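User: Could you take a close look at one helix pair for me, and set it beside the overall build of a chain? I'd enjoy a connected account.

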Amino acid sequence: MTAPEKPAATPLFEMSGVSKRYGGVHALENAKLTVEAGNIHAILGENGAGKSTLIKIMAGVVAPDEGRMLLDGHPVSFRSPAEASAAGVTCVFQELSLIPDLSVADNISIAAPPRRFGLIDRKAQRVIAEEMLARAGASDIHPRELVKDLPLSRRQLVEIAKALAWKPRILILDEGTSALTAADVAEVFSVLRRLRSEGLALIYISHRMQEIAELADQCTVLRNGRNVASFPAATHSDGEIVEMMIGREYSRAFPPKPERVAKDEVRPVLECRKLGWADTLHDISLTVGRGEVVGLGGLDGQGQRELLLALFGVLRGTTGSVLVDGKAVTLASPAAAKSGQIGMALIPEDRKTEGLMLPMTVRENLSFAVLDRVSRAGVIDQEKEERLIEEMVQLLAIKTAGLDIPVGALSGGNQQKVVIAKWLMRKPRIILLNDPTRGIDVGTKQEIYQLLRRLAEAGAAILFYSTDYGELIGCCDRVLVLYNGSIRRELTGDGITEHALVASALNVGSENVGSAA
Amino acid sequence: QPEIVSGPAAEGDCFVPWTADTKFFKFPKKDGPYRIALANGYIANTWRIQMIQTAKAYAAQPDVAAKLKEFKVVSTGEDVPAQISAINNFIDSGYDAIVVNAQNPTAFGPVIKRAKQAGVVLVAFDNILDTQDAINVNVDQKGLGVLWANWLAKHLPDGGKVLEVRGVAGTSVDTDRHNGIHETLDATGKKWDVVEVLGKWDDPTAQKATADAIAVHKKFDGITAQGGDTGVVQAMIDAKHPFVPFGGETENGFRKFCAKYAGEGLKCSSAGTGPAQVAVAIKTAIAALEGQVVPQSIKLPLAIVEDPNFKEGQDFYPDQSDNFFVGNAFPTCGINFTAQEIMGQSKENQ
Amino acid sequence: MKEWRYRLGERRGAVMAAGIFVVMFAIYVSNHPAGLTANVVQTAANKGVLLAFVAMAQTLVVITAGIDLSVGMIFILTNAVASWLVLGSPLETALGVMAVLATGLACGALNGVIVIYGRLQPIVATIATGAVFFGIALLLRPFPGGSVNEELADVMTGKVFDLLPASLVALIAVVLVIWVPFSRSLIGRAAYASGSSEIAAYMSGLPIRRAKFTAYALAGLLASIGGLFLTFFTFTGEAAFASGNAYTLFSIASVVLGGVSLFGGKGSAIGAIFGALAFRTIGDLLFVFDFDPLWQPLFQGVVLLVAVSLGAFALFRVRNRLEWFE
Amino acid sequence: MNDLMREHSVTRISKFMHRLDPAIATAFACIFLLLIIGSFYSASFLSPEYLLQQLKVASFLGVIATGMMIVVLLGQIDLSVPWSVAVGGMMACAAAAYGPLGEALAIPFGIACGMAIGLANGIGVAYLRIPSMIITLATNAVAQGLMVVYTGGFSPQDSATFAMRYLATGFLLPGLPNAVLIWAVVGAATVFVLNRTTFGRSVYGIGNRESAAYLSGINTRRIIMTAFIASGALSAFGGALLSGYASKAAQSMGDAYLLPSIAAVVLGGTSILGGKGSYLGTVAGVILITLLQSILSVMQMPEAGRQIIYGVVIIAMLLLYGRSPANRQ
Ligand SMILES: Nc1ncnc2c1ncn2[C@@H]1O[C@H](COP(=O)(O)OP(=O)(O)OP(=O)(O)O)[C@@H](O)[C@H]1O
Ligand SMILES: Nc1ncnc2c1ncn2[C@@H]1O[C@H](COP(=O)(O)OP(=O)(O)OP(=O)(O)O)[C@@H](O)[C@H]1O
Ligand SMILES: O[C@@H]1[C@@H](O)[C@H](O)OC[C@H]1O
Ligand SMILES: [Mg+2]
Ligand SMILES: [Mg+2]
């Protein structure tokens, strides 16, 4: 500490002067990062700040334009993720790197499977898989299960187990928990802490501030591709950190909720009665009124996603009935659900496969859901299209270099905004949201919360599933907690507390919860 | 299995030996009625469809039908092994004779061996077999080339620039005809400039190739084409190429043109052989089973019509399809189908 | 209990194809005038095995989410090569066989290089190389001809112990020597992985290029084994354009019937082999049923249509429409 | 007002330049290169007659490749082209046998038959989710079977009608063959449909990510089916034109169009994986393939050499501009 410019030991990993440009965009400019062993290092920043680019360079996925990296004080450069992993730098990517058609065990030992007589030894591989799954806190996953048959949250755990199989010295998690619910996160955190105690360096990217506060030892903040600050955790408050990230003052996170009106005064817009589907949904009855934001809570995978899909006409063979404005409707397809009289919109879970056509332009993506509205006899009115698009880009402050660049070139958060925008263009009356703020920075999240409230005030009925309890508490007028495909409990007003959410999510009496989560 | 005997063959007018050296077969006489199979390969063109219709019609003629217990036809497509397997299956199932339009002349060695062991009579026609051990029924493909070349030489006494539209590369039919043309032209001692293009026995392909050749070479003094002849004439018309002497095959469409434009210089020799050769092949198979003497290789007469002898209703049919091959009769064999009798026959039955 | 479910699930495609084949073959044999004799089985095997080799070749490439539209032409080209070289003394014959296999391997490797290092879409790249391979075949065999070591050919297309078709034994041997090691090796796994999700495979540090290259090269090799058997079966070589194309298309049909996903990452050569045998039996059915000859092509087309539509029944079980898009 | 309009046309032009990707430019450059190489052999290769003749012949491939392109944009493929072409030609000629009404409806009838094949393909791909590569192979076989039965059983009329001949070989505008005119009309319509209609947008969207298109409330199955019907219709129309050109229909007439139509579409820069490609590229691809075939034919290259050169040239051109991006950025 006496001579800070001359640290006692060389850091485990150091990168400096790193720059990366994509066309005109400076994803990174002269960025630096120092990582110590036995330490959890959080990288923070808005969407598009360059976090993913930074760690992709570390992990050998992206070649930097400039800059150098030192591992144990020796210069290194990785030409591929495999090289990086072999050197001890392993990344759990924001985009999953699991092979969907292979089994969990195959995936965990994917790069260097155990071999006998030159051929893969599946028995040994299975042993490894079981061990790694246990270390990642996911021993309930069967090693022979195909990855594509697992829900997203389980896949994330497999991804972590797979990274562990490399025996990394530096483990990077780029939003590795963004799809996990609190209970899963808690489990992952204990794993990460154990790894830290084993001397690993961990780099952790998340947009959930409370996770950072709970976990990180060191923080580095990026803004617009540059380093803003690097400091030990807990030396700054959340508010200060957020201000560093967004470069301006930060107000309170959630817009105020309106006064609660008596339940029977709310005009129900969407109603479902005894909705059921396969083994996943049972007897779901709910109403969402005009101007209401109703949350869906519970552990991930309790049927929330299916409920939204069922309402949106994606599932076949649903039982029970759905009413819109008190009239029974048949929803056989998203096309029917979005149609005039019903006016439903679904902001899907996975923007890469369900929300966007990544290679197509921002323009084309934005107008895709309103093509019927901007065309006459199937011919697109380009001026009308343009007008609507520009309005939306401004309304949601979508950061893009133009409307004619591929939407895939936008940062994750801005892509998500495009997904939301493309549906808002229809001015939907019923909005279903499936975990819409996943991977979105605090600033943007806030905008989205405000937007939701504005839409509700303008008369929309909103059904909102989130894996982030804070969001449910902050945004929703009511929260329905699902457990095993049925509504376990309804929380309203001040009754929406973390404690109550967790307790009903775990399907235990609230008195048993104590200090969980 | 068959005895090699000296000629002459039974029905000497029909079963004409290919050359003076052709062997004669005498198979042990079997009692009828017989089970005969036709193993065809490719099926999807008019020639083959006409051939199959003729085979059925022939087998249905009362005197023939009386000799047949069963007549089965299988088309296996362009895949040689499938045809080989089909023949093997016919042999294993105890057919007495198998008639084949071979997808490949050289690929049937093992089958021929097996047929011989089993005492099955094998008769190939159209696309025949490269062998001395089975009966072949065919026209003289090289002779066809010779005929066309002589026609051109007769009309172009000083030589000249000739367009030769060839068939499918790599087939023996194409090669034989091509060789016949060139050997004959060379033998005249005149100066010939032959431009070769590939028409693949297909009208649109031949038409395109011709159109291209005309666009680049401007003018030809004579044309010879194997297959696709109608397309070739069409291309000349489209390009306003003057009509010139033409040696080609026997498609009805081609002959229609020949008759129509003869006055304007389209002097045609139209020669080839109809799909009715299948009937000769069946006839041969029956004769062999009956213990009659048959040549190992039978030469069918070419059906030739030359300018100015194109007669409506006999050599061509103005109201009929362009696609069929006229000349479906082999009178020397007592086979007298007309093409439209064959192609039209089921229509009446509908 | 659960293990069994997984074990079956991993082989669903192959089991289905085997089922279809067994049913069709049973129909065929029970209507065959000669019945179930060693000869009938031998004839069917010799014909089926040819396509099985080509279908196996196609499988390797399809697993990587590629496609090889030149397999049929490699098959034809190696047939032409074999008709020149697989002759003479046992040593000469052996060298000839090596040369044929080397030719196939080289063709496959060329495809691999063009697709992987040239980064061209396999569909068009292999249409183009297919033209080249056919051109070379035509140079080698302007007309059908040539010959083969007939003793060897008779052995390979004959029967072992007067019972089992030798070609079938050879097919099994090839499965054991090429397919099994491939599917259980790191390279094979990388091939599956890159077919399932190339980006994930890349992120996982798998040797994608090597895997794809191996798949294409081995496909060439397998097609050349097919070409060799074609020569054994026909004693001759021929540059037959139409049959080259036909085998390519048949191989795709076999692969699909065999439960190999054209989108990559799924399926096995075993499935494709049964797919090929089933496909071949469609043609055989013509032989045992008395169809009007001019209706035969239609019958074959309809049976193919029905066979490829069978998989669609699974669709009626799909209850989440998003699964359509997987 | 005026300013606004000017601004608009400026953005349109820049949009156009943006869309004219280097692949298409290179493809057109290759066309010129081919012509120049040809002209060393004979100056006639640069003559207007030859060029028009090529354009005319290219029109048939052009119409057929248009259908193929739409399907390829969806990430699918249509292997039923050969017999859809034959069915179009044969059925159009067949209709002509039924009096003046038949003659008048000949082309529409031929197209309708092609649409029926396309419908079968479309149902298979869109509703039964059978991979297009295999269902179209099967319908191709069925169509062939039907035509064999038909030819053998119904004494078919197979000469083209006057209208077919006129469309394929006549001249409405002096100097410009009708076939070329038709291709231009089909092309312009396609450009309009692909770029300016919801159908076109949906095609690109589905080609990129069908699940996202579906969840956007697009009836993806209907779009896919429609695209296959369009492909069947265009193949059959190509067949009808082709029989007009040859003044008759024949069974094998479609064989020569399958691989070239795929090659033309891809040489024109359309991604075989779907979602990307422009019609101008297909035009370039069609002309390229046609010229290449013609030049090799006229130069009397033996078939073997022709095949080899054809393959090598396609690979060389694709290497020049048709490469997919490398994995690593
Ligand atoms: N492949 C690419 N092509 C073009 N631009 C890119 C590419 N990848 C990233 N960028 C741009 O680089 C910038 C940094 O992106 P990066 O993904 O590193 O952001 P991030 O901090 O990870 O954001 P998020 O929190 O949304 O994931 C963004 O402006 C993004 O648009
Ligand atoms: N794809 C796989 N993923 C995970 N574990 C596997 C896989 N395949 C096999 N195993 C496991 O590996 C062990 C032994 O493998 P082995 O190769 O003997 O397979 P197996 O279970 O007998 O099935 P198979 O019938 O495929 O051989 C078993 O415990 C098995 O459960
Ligand atoms: O002999 C040829 C025949 O085999 C083919 O099917 O059609 C054209 C004929 O010339
Ligand atoms: Mg990121
Ligand atoms: Mg989730």
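Analyst: Chain C contains 14 helices and 2 strands (DSSP runs: H or I of at least four residues for helices, E of at least two for strands, numbered from the N terminus). This is a predicted model, in which local features need pLDDT of at least 70 and side-chain atom pairs pLDDT 80 or more, while totals for chains, interfaces and linings use all residues. Residues are numbered from 1 along each chain as its sequence is written, chains are lettered from A in the order written, and side-chain values use heavy atoms, without hydrogens or water.

The C-alpha atoms of chain C fill a box of roughly 60 × 50 × 40 Å along the principal axes. Its radius of gyration, taken over C-alpha atoms, is 20 Å, which agrees with the value near 20 Å for a compact globule of 326 residues (2.2 Å times the number of residues to the power 0.38). Of those 326 residues, 65% are buried (under 20% relative accessible area, 1.4 Å probe, protein chains only). Among contacts (heavy atoms within 4.5 Å) in chain C with a separation of 6 or more, 77% join residues 24 or more positions apart.

Now for the close look, in chain D. Helix α3 (residues 48–73) of chain D packs on helix α14 (residues 279–298) of chain D at about 130°, with the axes 8 Å apart. α3(D) and α14(D) are therefore oblique to each other (neither under 35, over 145 nor 65 to 115 degrees). On the α3(D) side, the contact includes D:Y50, D:L61 and D:M69, and on the α14(D) side D:Y279, D:V286 and D:I295 are among the residues involved. The residues of this contact divide into 13 nonpolar, 6 polar and no charged.

Conventions:
Axes fitted to C-alpha atoms, helices over the stretch in contact; angles between N-to-C directions. Nonpolar A, V, L, I, M, F, W, Y, C, P; charged D, E, K, R; others polar. Buried < 20%, exposed > 50% of the residue type's maximum accessible area, 1.4 Å probe, protein only.
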